[in-house]
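Student: I have a model open in front of me, and I'd like to learn how to read it. Can we go through it together?

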Amino acid sequence: MPDKDISSLVKRYQQAHESGKNPYFDADEFSDLAEYFDSIDELDTAREIIDAGLAIHPGNTPLLIKKAKLAVYDSEYELALELLDSSSEYDFDLYLLKIECYLQLEQYQDAFKLSEELLEKEEDEPLDNVLAELGFLHVEADCFKEAVLYLQESLKYNPENIEVLSDLAYAHEMLGDFDAAIDTTNKILDIEPYTYEAWVNLGKLYSLKEQFEKAIDAFDFALTINDADSNVLKLKAHCLSLADRTGEAIEIFNDLLLADPEDTSIHFLLAECYESLEMYDEALSCLQKYEDIEGETSELLSKQAYLYLGKGDYKKALAIVEKGLLDNPYSLDLNMIAGEIEFQREEYKEAELYYLSIYSQNKENFQLLDRLAMVYIKEEDYQQAAFYTEKLLELDPNNLAVKQRLALLYFELGDEVEFNVLLDQFTDKELLSLFELIYTPQSSAYFDRDMLLAYLNKAREARTLFKNLRY
């Protein structure tokens, strides 16, 4: 809102509206009224005022922009463009709004062209602000690579703009460049050391990199600024559990439950802590409290079944899974647990059926492909085992354990061509690691490819080729 008292203007409008008269105001007054009612979230009134203003002042740019902004708010981007195209004059806000529409409609060439025009034509706004606005619009449209370019350029002119740094950190995070996001967030903290949101985001970024001790430190700094934020306490406790400081995590979760016994998310997190300590009964007790509040859910049944599996109570675990599968027959979690139960019971054909029932919908699920490969190894169907292991390697080409397994499968199948092609991809260190699966040499100096093949043949003849494959 402009820094002026428009109470008399609002009163005039309300009196005219109540009397059923069509109020007359100049274009600026209509604009001020619309902005006022927008600011107090009376959007329907703002729309009526804008339409009334345009009826009297057709083509007025500020009113058109306000009407287009409301259309954008309703995700009616094409309507917004129609409104804005009716104005031929240059206006900074108008251009930004059109660029936003083009980006949201994925008409990127038009958005790029208009952005270039904006940078050429704009004379009143500082260049760093123009670039920052363009960066923000690209962030909102999930065009993060372009957003980074605009935001970095803006920072060249104003390197201490915290809003731009925040947008830049977010864009880096969305691109998966956590190191750059951390570096940018630290720049915010260099400028404003007590920026609460930055400390929280820094903790989240370190947790994404699995640097849990650094994440804990960042959350601690955030908590010195605001020690009452239960969400940050949860994040800290979760990182403590992942950093093998489970006792400290349990203490925080229990304190949080004292403050809010109905917070079911804490019951779940606490159950995970007890599970990591193999305190299955305590974990199940936490889940029971969750169920008392939320009722039975598929996620709850999966967790309960997994805990009973951890206890070695296959009968109870399978009963829970089968109950859940009645309502959710294609649940990934429930079928995976059912398969694992049967696998541990050495009922490999049953495990295979559970895994295959969900394969068509989860063809790129690493864990599922891994379990299918292991089932077929147990069944000595090495052709099928190789098929699923190849898919694992496509998902993670640098996974040494997968490469080792596939090499042994090719060797067992007698597929010399594929075996040698794969072996050529092994570094010397990886090849030695494969060799050491079946033989521990007295010295690495004794290692060579011919020796590896000789011992592989010996292992195959003894039927011990897969004894060291983990499952």
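**Reading pockets and packed helices**

Tutor: Sure! This is a predicted model. Let's begin with a pocket: helix 2 (27-39), helix 3 (43-56) and helix 4 (61-73) each supply at least two residues of the lining of the second largest pocket.

Student: Which helix gives the most to that lining?

Tutor: Helix 4 does, with six residues. The pocket holds about 320 Å³ of space. It is lined by 14 residues, and those closest to its centre are Glu-35, Asp-38, Ile-65, Lys-66 and Lys-69. By class, the lining has eight nonpolar, no polar and six charged residues.

Student: And what volume does the largest pocket have?

Tutor: About 440 Å³. Helix 16, helix 18, helix 20 (332-344) and helix 22 (366-378) each supply at least two of its lining residues, and helix 20 gives the most, with five. The lining divides into seven nonpolar, three polar and seven charged residues.

Student: Okay, now how do I describe two packed helices?

Tutor: You give the angle between their axes and the distance between the axes. Here, helix 16 (residues 264-276) and helix 18 (residues 298-311) pack at about 15°, with axes 12 Å apart. Angles under 35 degrees count as roughly parallel, so helix 16 is roughly parallel to helix 18.

Student: Which residues make the contact?

Tutor: Helix 16 uses Phe-268, Glu-272 and Glu-275, while helix 18 uses Glu-299, Leu-300, Lys-303, Tyr-306 and Leu-307. Those contact residues divide into four nonpolar, no polar and four charged.

Conventions: Residues are numbered from 1 along each chain as its sequence is written. This is a predicted model: local features need pLDDT of at least 70, side-chain atom pairs count only at pLDDT 80 or more; totals for chains, interfaces and linings use all residues. Side-chain values use heavy atoms; hydrogens and water are left out. Axes are lines fitted to C-alpha atoms, for helices over the stretch in contact, and angles run from 0 to 180 degrees between N-to-C directions. Helices (H or I, at least four residues) and strands (E, at least two) are DSSP runs, numbered from the N terminus. Angles under 35 degrees count as roughly parallel, over 145 as roughly antiparallel, 65 to 115 as roughly perpendicular and the rest as oblique. Contact means heavy atoms within 4.5 Å. Ala, Val, Leu, Ile, Met, Phe, Trp, Tyr, Cys and Pro count as nonpolar, Asp, Glu, Lys and Arg as charged, and the others, Gly among them, as polar. On a 1 Å grid over the protein atoms alone, a cavity is a set of points where a 1.4 Å probe fits but cannot get out, and a pocket is an open set with protein on both sides within 12 Å along at least five of seven lines; lining residues have an atom within 4 Å of a point. Grid points are joined across faces, edges and corners, and a volume is the space filled by probe spheres set on the points.
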